[in-house]
Amino acid sequence: MIDGIFKKTSNVQIVVSMTASISMIIDNVFISRFMGLNAVAAAGLITPVLMIILAFSGVLSAGGQLVIGEKMGRGDKSGAIGSVSLCVVLIGLSALIIMVGSYLFTDQICDFLGAQPGSELLEDAGQYLRGYVIGAPGIIGMLSMIPIMNIDGDKKRSFVCAWTVTITDILLDILAVLVFPKSLFAIALASGISYLVALVVMGGHFFRKDDKYVLKIRLKAIPWGETTAIFLRGFPAALQKLLRTALSFTVNQILLAVGGAIALASFSIVSNIGNLLNSVGQGLSAATLTISGVLYGEKIRKNLSDLYKAFIKYSVVWNLIMVALTFVGADLLVSIFMSAKKVDVPAVVWGLRIFSLDFVFYSICICAKSYYQGVKRMAVNYIITVVEGFCCIALFTWIFGMLFGFYGVCLGYGIGDAVSLLSIVAGVWITNKRFPKTADDYLLLEEGQVLPDNRVFTAQVPDQAAAASVSEQAAAFVAAHCPLTDREQLARQTAVLIEDLSKDLLEKGFPLVKKAAMEVTVLCEDEALTLLINDNCTGFSVAESVYGASDDGHSGTMDAALVNKMEHYRVLGINKTKIMMA
């Protein structure tokens, strides 16, 4: 089931990552085609400010979704709602600070970034800055809240928001160059407005009047004490942005040293296309972060192991496809992105092909980094962030750049990330004091983070015959491993519950879904026995059908004496029925 969840969640995140890259590229194309080189320079000058906005987005996105995901994994719906509300307030405050600061100190910011006082470059850069930051609430809000909507199972609206940004930006950019030719402010404002429009679309999720989704915005429920936790859990995203900025500066110096301005211009095309194609890896990493937070809250080792296998599998499969497409379509991609730059086109084409060899290594590295962030192994996360985000790539672009020039710099990214991946293997080997052979070896879970394997029983239930077998296995498991004194009675109750729940779900829920799935999990904790039923049958609630609609009152057909407490909620598009039996 985890494999399917990962695939669906990563599809959304890949589209979101790709649309963010496309929006920046669209602006660059319009500016270079219609406004000249000085305008291109002005937009490029403001890039550090855009990185700051994205850094805020990354911190709030990562920290917020991890805190919320853990709560949803535990079934703490009211706590998750409070955390969502806190994230909304932090998004608003961050955007306000950026907007006010940018407008009050426009000239000073542009001057600091390199524009001479009184110059045309300073005026153009100021226009672009003032237009772009109007969309700061939308940029930070969209990139921060889409993972939260995915946790809540609203993938359709996430797709709509992502495409809304791209389509609106293209239409408004066309309008801008027609109505306000030569206006950088209008081009930047088009991007800002496109994100604000998407933010309005997104708001429909959190202000729904029905109960289809769990997460809402309730300002009275804000847990202000979680603010520090959100920023600490999300800080690696900001560190990644800082290191990538430093890496970009370093690689630029290497390019100037080995090939001058032509090499720098050539690599800018390669990196722009590469960043777009690397949206696959970025989307897989974002999905890994979202799901790992939820699974960490559930405390089931097998699910985390399945997640690790999933991100490795899809990193290899999907990125090999991207490498193949890049090799075949490199000429076309380069021709689209040529813009006003005068470069050696064949060299850029082959540079892009060489650069694409990094896709698989890059994807696995950043997915692993996100996983360790999700399970609170922050030291491991920071090591990977520094090693992959700067050290290895800077080292190998320098070594191979000195040996092979422009092509060597392109190759240095793949070699650097390959070595980064080997360093993860070495680090796990040293930590575990044995060579890692399975996904479980890479989990690096500390004692108490998950339940011991002999306290967790999990099985798939595809049909009624399997339900009978699973119920017997679960009963035997409870009788053998439950630490409670009345385990024999609890074993019998577990068997009855699994059979009855399975019958209801198989008969009424499965016909509603093409690829229906049901998973039974029994958790034997020291002071509690919990039965979990996970299914993907949208439009049907086994909890309401069998027990009634309320968590505490059981007005359905099943004997309430078998149940101590029941909760039903939806996470990552999966229905979860949690029954506390003792």
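**Note on the predicted model**

1. K209 is exposed, at a relative accessible area of 88%. The cut-off for calling a residue exposed is over 50%, so K209 falls in that class. This residue sits in the loop that links α9 (184-206) with α10 (227-277). Between the C-alpha atoms of K209 and G75 there is a separation of 21 Å, with the two residues 134 apart along the chain. The model is a predicted one, and this applies to every point below.

2. The next points concern the sheet. It is an open sheet of 5 strands, arranged in the order β1-β2-β3-β5-β4, with antiparallel pairing. β1 (456-460) and β4 (565-571) are the edge strands, each of them paired on one side only. On average, and with direction ignored, neighbouring strands of this sheet are turned by 15° against each other.

3. Strands β2 and β3 make a hairpin, and 4 residues lie between them. β2 covers residues 518-524 and β3 covers residues 529-535; the two run antiparallel and are joined by 7 bridges. Among the pairs, M518 has D535 of β3 as its bridge partner, and C524 has L529 of β3.

4. β3 also pairs with β5: 6 bridges join these two strands, which run antiparallel. One of the facing pairs puts L532 opposite K578 in β5.

5. Is β3 enclosed or open to the outside? Of its 7 residues, 7 are buried, so the strand is largely enclosed by the rest of the structure. Buried here means under 20% relative accessible area. In a regular strand, side chains alternate between the two faces of the sheet. For β3, L529, L531, I533 and D535 are on one side, while T530, L532 and N534 are on the other. Both faces of the strand are covered, and the residues just named are all buried.

6. Two helices deserve a separate point. The axes of α15 (residues 378-404) and α16 (residues 406-432) come within 7 Å and cross at roughly 145°. The crossing in which α15 passes α16 is right-handed. In the contact of α15 with α16, the residues divide into 15 nonpolar, 7 polar and 2 charged.

7. How many cavities of 30 Å³ or more does the structure hold? There is 1. The largest cavity has about 80 Å³ of space in it. It is lined by 13 residues, and those closest to its centre are I2, I5, E298, N534 and K576. Elements giving two or more residues to this lining are α1 (2-34), α11 (279-298) and β5 (574-580). α11 gives the most, with 3 residues.

8. As to the character of that lining, its residues divide into 8 nonpolar, 2 polar and 3 charged. N534, one of the residues closest to the centre of the largest cavity, belongs to the β3 side that also holds T530 and L532. The lining therefore links back to the buried strand of point 5.

Note on methods: Residues numbered from 1 in each chain as written. Predicted model: local features only at pLDDT ≥ 70, side-chain atom pairs only at ≥ 80, totals over all residues. Heavy atoms only, no water. 1 Å grid on protein atoms, 1.4 Å probe; cavity = no way out; pocket = protein on both sides within 12 Å on 5 of 7 lines; lining within 4 Å. Points joined across faces, edges and corners; volume = space filled by probe spheres on them. Nonpolar A, V, L, I, M, F, W, Y, C, P; charged D, E, K, R; others polar. Pairing = 2+ DSSP bridges. Axes fitted to C-alpha atoms, helices over the stretch in contact; angles between N-to-C directions. Buried < 20%, exposed > 50% of the residue type's maximum accessible area, 1.4 Å probe, protein only. Left-handed = near helix turned anticlockwise from the far one by under 90°.
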